[in-house]
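Got the viewer open? Let's take a short walk through this one, selection by selection.

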Amino acid sequence: MQSLDAFAQDKLDELERRHLRRALADTMREDGIWVERDGRRLLSFSCNDYLNLTQHPAVKQAAIAAIETYGAGAGASRLVTGNHPLFAQLEARLARINQTDGAVVFGSGYLANAGIIPVLIGRDGLVLADELSHACLFAGAQLSKGVLVTFRHNDVGHARELLYQHRAAHERALIVTDGVFSMDGDLAPLADLLALAAEYDVWLMSDDAHGLGVVGGGRGSSYVDNAYIPVPLQMGTLSKAVGAYGGYLCASAPVIELIRNRARTLIYSTGLPPSCVAASIAALDLIEREPGYAALPLQKAKAFTRAAGLPEAQSPIVPVVIGEEQATLAASRLLADEGFLAAPIRPPTVAAGSARLRLTFTAQHPDDAIARLATIVRDRILRP
Ligand SMILES: Cc1ncc(COP(=O)(O)O)c(C=O)c1O
């Protein structure tokens, strides 16, 4: 065997031994909640399509119309000829929702985080990250070549201690955190982090991938308890509740202009297809028009946590932490036998010993199915 193949096979064997090998499963998402997989029709609690907008007629129609008008792809980087007119509409809409002067749309959320952080932080800078921040915030921090320090999850006191120790040694510093944590579903203490950032002259960046559309009346994690938290760097994605694809940053006019000029993942990557941009605009129309609908995923998640005897959900994401990988795989299989899709989440996506089912609730999940899922999780998975 060639050394390259032998290397790959060794790595795969090791993953297999540790129950960490993953496989792509063909999944036919027939509507916002039902999927077909391995010949079975399952009710999915594993999609981030919180508002089921991937399948909404108005959203699909907007994408189709954009293809007819502008074509299937952007054809080039936005900085060259890929900047079709829909971008400006979408960016104005995002800036309005997030109450910032401007916005810039990237090819994906991952590309956004990988591009934004290195523009703001260089070798002499400091990135202070919540330890449970999404992988792409860490990727952006690593690409910046600055010093990366992590603080304990949602522990503002620990973040303060670290700033006290490290801040003076760096010209610029940035705190990064998920707004809604992708694997735990809890919210970041953004107001407290913002106050801390002001105290130490540090910038704050939130990743609202799982907030836009579903918390804060649909406007995201910068809006809690009917108050707006003016986070200066609000990043997010169009691929979860918005039901399309793409990433963005909302910020002040000079910051947005700088990012457009310097973010390598924007400059050296093709612009989003017009269909994604048009679908996002149509989806944001619906989200802004129907806050009652946007509130449904969280209501459903809370109904589940009440019935399952779990801590109250803060977002549509509910972790059912099992611990061991094998037991988590078994729990996922048990639920599939009961007609539910609940994908197992294992390290390195989550910390060793905290493998889990990550359940996501959407606007259209039927209440009786949620109640049945809760009974099975409570009686056969958490207390077998
Ligand atoms: C918190 C968080 N940030 C960023 C991303 C990446 O976004 P995208 O899927 O648009 O690349 C994700 C999704 O996977 C996420 O959960």
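How far is the sulfur of Cys 250 from the closest cysteine sulfur? Select Cys 250 along with Cys 136, whose sulfur is that closest one: the gap is 16 Å, too far for a bond. Keep in mind that this is a predicted model. Cys 250 itself is buried, with a relative accessible area of 0%.

Now jump to Cys 47. The nearest cysteine sulfur belongs to Cys 276, 17 Å away, and Cys 47 is in no disulfide. Cys 47 also counts as buried, because its relative accessibility is 13% and the cut-off is under 20%. Don't bother hunting for S–S links elsewhere: a search of the whole structure finds 0 disulfides.

Next, show residues 57-70 (helix 2) and 274-289 (helix 10) as a pair. Their axes come within 7 Å and cross at roughly 145°, and the crossing is right-handed. Turn on side chains and you'll find Ala 58, Ala 62, Ala 66 and Tyr 70 among the helix 2 residues in the contact, with Pro 274, Ala 278, Ala 282 and Leu 286 among those from helix 10. Colour the contact by class and you get 13 nonpolar residues, 1 polar and no charged ones.

Last stop: helix 7, residues 190-199. Pick Leu 190, Leu 193, Leu 196 and Ala 197, which are buried. Look down the axis of helix 7: its buried residues fall within an arc of 120°, so they line one face. Add strand 6 (147-151), helix 6 (156-166), strand 7 (173-178) and strand 8 (203-207) to see what those residues pack against. Just past the end of helix 7, click Asp 201, which has a positive phi of about 50°.

How values were computed. Residues numbered from 1 in each chain as written. Predicted model: local features only at pLDDT ≥ 70, side-chain atom pairs only at ≥ 80, totals over all residues. Heavy atoms only, no water. Axes fitted to C-alpha atoms, helices over the stretch in contact; angles between N-to-C directions. Helix = DSSP H or I, 4+ residues; strand = E, 2+ residues; numbered from the N terminus. Left-handed = near helix turned anticlockwise from the far one by under 90°. Contact = heavy atoms within 4.5 Å. Nonpolar A, V, L, I, M, F, W, Y, C, P; charged D, E, K, R; others polar. Disulfide = S-S within 2.5 Å. Buried < 20%, exposed > 50% of the residue type's maximum accessible area, 1.4 Å probe, protein only. Arc of directions from axis to C-beta.
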